[in-house]
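Here's a quick walk through one protein model, written for someone who'd rather poke at coordinates than read a brochure. Have a look first, and then we'll go through it piece by piece.

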Amino acid sequence: MHINHLHLCSTDVPATAAFLCEHFGFSLLAARATRAFAALEDDSGLSLVLMPLPPGEAHPQMFHLGFLLDHEAEVIAQHARLVQSGAYLAPLERSRGALRFYCRAPGGLLIEVGQAGPGSGG
């Protein structure tokens, strides 16, 4: 058995989809003109379905999507690319022996980017 897809909510589905495609290697598979749905896939076959966050609801405080990179230099480079794009970023930090940072995608989704190895799995 394997995970077929993850369904995530956003206050701005098209902007979240574009951000994940531009900065995290996803491809847009389908989107609705109503701006209320987007299906994405990464190169490993992971599918993300994005739909609107219901009015009056919010993500739990530490709800997030986590990405692992193999080397510390890759984490630093990803942070720099996101800084250049104007994304909202927390500073790089070391936690449990590995480098990581958090950023906020358009639409409110919290994303963690960290180094694989000791301390991964945040």
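Is Arg96 buried or exposed? Arg96 counts as exposed, because its relative accessibility is 52%. One thing to keep in mind throughout: this is a predicted model.

## Overall layout

Let's start with the fold at low resolution. The protein chain has 2 helices and 9 strands. Read from the N terminus, the order is β-α-β-β-β-β-α-β-β-β-β.

As for dimensions, the C-alpha atoms fit a box of roughly 45 × 35 × 25 Å along the principal axes. The radius of gyration of the protein chain is 15 Å, which agrees with the value near 14 Å that a compact globule of 122 residues would have. Among contacts with a separation of 6 or more, 50% join residues 24 or more positions apart.

## Surface and charge

Of the 122 residues, 36% count as buried. The accessible surface of the protein chain is about 7100 Å², and carbon and sulfur atoms own 56% of that.

On the charge side, there are 7 positive and 11 negative side chains. The centres of those two sets sit 6 Å apart.

## The cysteines

How many disulfides does the model have? The count is 0. Cys21 takes part in no disulfide, and the nearest cysteine sulfur to it, that of Cys103, is 14 Å away. A disulfide is a covalent bond between the sulfur atoms of two cysteines. Seen from the Cys103 end, the closest cysteine sulfur is the one in Cys21, and because the gap is 14 Å, that's too far for a bond.

The two residues also land in separate burial classes. Cys21 counts as partly exposed because its relative accessibility is 25%. Cys103 counts as buried because its relative accessibility is 1%.

## Two arginines with positive phi

Back to Arg96, which has company in Arg35. Most residues other than glycine have a negative phi. Arg96 isn't a glycine, yet its phi is positive, at about 50 degrees. Arg35 is also a residue other than glycine, and its phi is near 70 degrees.

Where do they sit? Arg96 is in the loop between strand E7 (93-95) and strand E8 (98-104). Arg35 is in the loop between strand E2 (27-31) and strand E3 (38-41). Arg35 is exposed, since its relative accessible area is 51%.

## Helix H1 and what it touches

Helix H1 covers residues 13-24, and His23 is part of it. His23 is buried, with a relative accessible area of 15%. Not counting residues up to four places away in sequence, His23 touches Gln78, Leu82 and Ser85.

Val13 belongs to helix H1 as well. Val13 counts as buried because its relative accessibility is just 3%. Which residues does Val13 contact, leaving aside its neighbours within four places in sequence? They are Arg35, Phe37, Ala38, Leu50, Met51 and Pro52. Take Met51 from that set: 38 residues separate it from Val13 in sequence, while the C-alpha to C-alpha distance is 6.1 Å.

## The E2–E3 loop and strand E4

Ala36 is another resident of the loop between E2 and E3. Ala36 counts as partly exposed, given a relative accessibility of 23%. Setting aside residues up to four places away in sequence, Ala36 touches Leu50, Met51 and Pro52. Those three residues are also among the contacts of Val13. For a separate pairing, Ala36 and Gly108 are 72 residues apart in sequence and 15 Å apart in space, C-alpha to C-alpha.

Strand E4 spans residues 47-52, with Ser47 in it. Ser47 counts as buried because its relative accessibility is 17%, and the cut-off for buried is under 20%. Beyond its neighbours within four places in sequence, Ser47 is in contact with Asn4, His5, Leu6, Leu40 and Glu41.

Methods: Residues numbered from 1 in each chain as written. Predicted model: local features only at pLDDT ≥ 70, side-chain atom pairs only at ≥ 80, totals over all residues. Heavy atoms only, no water. Helix = DSSP H or I, 4+ residues; strand = E, 2+ residues; numbered from the N terminus. Rg over C-alpha atoms; globule rule 2.2 N^0.38 Å. Buried < 20%, exposed > 50% of the residue type's maximum accessible area, 1.4 Å probe, protein only. Contact = heavy atoms within 4.5 Å. Areas by Shrake-Rupley, 256 points an atom, 1.4 Å probe, with all protein chains shown as cover. Lys, Arg positive; Asp, Glu negative; His and termini not counted. Charge placed at Lys NZ, Arg CZ, Asp CG, Glu CD. Disulfide = S-S within 2.5 Å.
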